[in-house]
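Student: Please take one part of this model and go through it closely. I would like to see how strands and helices fit together there.

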Amino acid sequence: MSAALHVVLEDRGVVSVDGPEAGPFLQGLISNDIDRVTDARGIYAALLTPQGKFLHDFFVLRRGGGYLLDCEGPRTGDLGRRLMAYRLRADVALADATEDYRVVALFGDEGGESAFGVPPGEGSAAPLEGGWVLRDPRGAALGLRAVVPVGVDLSFLQQAGFSPGSLADYERHRIAQGAPDGSRDMEVGRATLMECGFEALNGVDFEKGCYVGQELTARTKHRGLVRRRLARVALDGPLPPAGTPILAGEREVGEIRSGLEGAALAVLRLERIAAATEAGTPLTAGETRVIPPDSP
């Protein structure tokens with residue numbers, strides 16, 4: 001069994017959404033149900049284009065009367081601008097809170113999870129050192145996620161059983177679970193939630209009603225129109241650069257996204273992958289052999 005680790009995710013940013021109308025404002029925009037977010041629960045969600053294509057993914061936590069969005073750090077400004085464009089006359093205040101908080105992933109065996117008093121259930125949250133810790137809402141195997149003030153000494157995590165780890169440790173863990181890392185794995189303006197596995201990641205609510213991009217997401221779900229799928233693949237050879245086409249002979253059947261040490265996430269064209277598998281045609285990305293999952 002692997003050791004329990006904690007890794008500070010330096011590439012994460014935080015956006016605050018405050019004000020009397022913060023809840024209704026987010027409810028009309030994001031893919032998940034903001035009413036599920038309480039002091040004891042967080043969610044995973046996305047912001048889409050009006051055509052239903054991926055723009056941003058993030059975790060949503062409750063902070064007083066408002067919310068914090070744990071998002072991609074390099075794209076925090078873009079997320080803020082896109083939210084601002086929808087604000088209109090809503091009584092909502094948006095701000096970049098990245099300098100105030102840091103995001104920490106905690107994973108491995110159960111180690112010190114019980115020390116934090118987090119209730120069972122995906123997305124369940126508890127206060128932690130002036131911030132929050134929650135069970136990753138995308139799935140139990142991904143572990144815990146904490147958002148704590150920047151000035152907090154993280155030595156208490158070691159005392160709770162989580163040794164310091166590296167970003168490579170987190171990447172290895174994330175990829176093993178098939179969890180996408182924002183725009184590294186989901187192409188902005190092109191990917192859809194269903195092809196990125198958002199239903200399995202508990203990132204979309206099909207009962208909440210209208211939000212931006214909801215029509216395509218619901219239609220794809222109910223008609224089973226998914227033709228591409230983000231999936232974990234094994235690699236026999238060096239890691240190809242992100243964006244490298246996956247070929248079956250001379251026919252493109254997918255594209256490499258993020259990866260590490262013999263594994264990667266890749267966007268696979270399902271019909272072409274199935275045809276290549278049936279014909280026994282090997283898949284390659286550059287000089288590397290690509291081994292798809294049995295059921296992408």
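Tutor: What follows is a walk through the barrel, the helices beside it and one residue in it. Keep in mind that the model is predicted.

The barrel is closed and has 6 strands, in the order E12-E15-E14-E13-E16-E17, with antiparallel pairing. On average, neighbouring strands of this sheet are turned by 40 degrees against each other, direction ignored. One pair serves as an example: strand E12, residues 228-236, and strand E15, residues 263-269, run antiparallel and are joined by 7 bridges. Within that pair, Val233 has Ala264 in E15 as its bridge partner.

Two helices come next. Helix H4 covers residues 167-176 and lies across E12, E14 (251-260) and E15. The direction of H4 is at about 140 degrees to that of E14. Helix H6, residues 270-279, also packs on the sheet, where it touches E12, E13 (245-248), E14, E15 and E16 (283-285). The angle between the directions of H6 and E15 is about 100 degrees.

Now a single residue, Leu260, which is found in strand E14. Leaving aside neighbours within four places in sequence, Leu260 is in contact with Ala168, Glu171, Arg172, Ile175 and Leu239. Pro238 is 22 residues from Leu260 in sequence, and the two are 9.3 Å apart in space, C-alpha to C-alpha. Is Leu260 buried, partly exposed or exposed? Its relative accessibility is 23%, so Leu260 counts as partly exposed; buried would mean under 20%.

Technical notes. Residues are numbered from 1 along each chain as its sequence is written. This is a predicted model: local features need pLDDT of at least 70, side-chain atom pairs count only at pLDDT 80 or more; totals for chains, interfaces and linings use all residues. Side-chain values use heavy atoms; hydrogens and water are left out. Two strands pair if DSSP finds at least two bridges between them. Helices (H or I, at least four residues) and strands (E, at least two) are DSSP runs, numbered from the N terminus. Axes are lines fitted to C-alpha atoms, for helices over the stretch in contact, and angles run from 0 to 180 degrees between N-to-C directions. Contact means heavy atoms within 4.5 Å. Buried means under 20% relative accessible area, exposed over 50%, partly exposed in between (1.4 Å probe, protein chains only).
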